[in-house]
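Hello,

Here is the structure I promised to pass on to you. Have a look at it first, and then read my notes below.

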Amino acid sequence: MNDVRHVLVLPDRDAAEEVAAELEVRLGLAEEPELVREALAGEDDAEDAQWLVVLEDPQAAYDPALLDSLAAAHEGWLERG
């Protein structure tokens, strides 16, 4: 099986929520992708956190260029893992 997980890294929760909602519509997802808060190493302040939008792609069908451009439009980036 060729499971792929796309992780879009966003600067804040608002950006992550906007991206997740847009992905749900653009990709016709059954539900919104998972949001995960990731504290930056060595930072105690809750403001110093990135938000991840985790998109499971079991068919490897989603275009990484589209995902990356969507993340970049919200000052983020795409990681594949």
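Which residue of β3 does V7 stand opposite? The partner of V7 is V54.

Before going further, a word on the basis: this is a predicted model, where local features need pLDDT of at least 70, side-chain atom pairs count only at pLDDT 80 or more, and totals for chains, interfaces and linings use all residues. Residues are numbered from 1 along each chain as its sequence is written, and side-chain values use heavy atoms, leaving out hydrogens and water.

Now the overall picture. The protein has two helices and four strands, in the order β-α-β-β-α-β from the N terminus. Both kinds of element are DSSP runs numbered from the N terminus (helices are H or I with at least four residues, strands are E with at least two). Of its 81 residues, 33% are buried, meaning under 20% relative accessible area with a 1.4 Å probe, protein chains only.

Strand β3 covers residues 49–57. It pairs in the antiparallel sense with β1 (residues 4–10) over seven bridges and with β2 (residues 34–39), also antiparallel, over six bridges; pairing requires at least two DSSP bridges between the strands. On the β2 side, L35 has V53 as its bridge partner. Eight of the nine residues of β3 are buried, so the strand is largely enclosed by the rest of the structure.

One residue to look at in β3 is Q50. Its relative accessible area is 17%, so Q50 is buried. Leaving aside residues up to four places away in sequence, Q50 touches V9, L10, V36, R37, E38, L40 and W77, a contact being heavy atoms within 4.5 Å.

Best wishes

Notes. Buried < 20%, exposed > 50% of the residue type's maximum accessible area, 1.4 Å probe, protein only.
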